[in-house]
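Trainee: Please take a close look at one part of this model with me. I would like to go through the sheet and the helices packed on it.

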Amino acid sequence: SYAEAELRLGAFLKRHPQPGLFVGCKTEQRDKAGAREELLRTLDRLGRDRHDLYQLHAVCTPEDLDRCFAPGGSMEAILEARDEGLVANVGITGHGWRSPATHRAALERFPFATVMTSCNRFLHADPGFRRDWEALLARCTADDVGVHVLKATAKGAWGE
């Protein structure tokens, strides 16, 4: 979904190997077959034999989460790839008003290694968002889950 980023990065990495480089990638696919295809394509493009971190991407609502965990959903593909040694760690990403609560619910379903979610002064000023954000951080702290913060420098809504 990021144009030719994988091809460009892959070409660079093939010319300039980076020992010890930790590579994280993600999929917005919600079905098992689509997620598996994308995961393998990314490995090939980057010239890697495994993903250090592979993330369910743009899981922003409970409905998104349900689609990932449904029978035949993308989570099945990621777990199979992990069992095959193609994925070392599994994460989840998302942004927006509902993502902290959604990611906390995701941690009830699976012990993700990382959560990548949005927070900034604008979002944090909302009492409901702040409550969900603080609950997510408490859960991540208790479970030793890494937290990546998106949109941290935004000072207002980004529009529609």
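Mentor: What follows starts with the sheet and ends with one helix pair.
This is a predicted model, where local features need pLDDT of at least 70, side-chain atom pairs count only at pLDDT 80 or more, and totals for chains, interfaces and linings use all residues. Residues are numbered from 1 along each chain as its sequence is written, and side-chain values use heavy atoms, with hydrogens and water left out.

Five strands form an open sheet with parallel pairing, in the order β1-β2-β3-β4-β5. Strands (E, at least two residues) and helices (H or I, at least four) are DSSP runs, numbered from the N terminus. Pairing requires at least two DSSP bridges between two strands. β1 (24–27) and β5 (146–150) are the edges; each has a single partner strand, so one side of each lacks a neighbour in the sheet. From one strand to the next, the twist averages 25°.

Now β3 (residues 87–93) and β4 (residues 114–118): three bridges join them in the parallel sense. I92 stands opposite V115 in β4.

Helix α5 (residues 99–109) lies across β3 and β4, at about 165° to β4. Angles run from 0 to 180 degrees between N-to-C directions, with axes fitted to C-alpha atoms, for helices over the stretch in contact. Contact means heavy atoms within 4.5 Å.

α5 also meets helix α7 (residues 127–143): their axes come within 8 Å and cross at roughly 30°. That makes the two helices roughly parallel (angles under 35 degrees; over 145 is roughly antiparallel, 65 to 115 roughly perpendicular, the rest oblique). α5 contributes P100, A101, H103, R104, L107 and E108 to the contact, and α7 contributes F129, D132, W133, A135, L136, R139 and C140.
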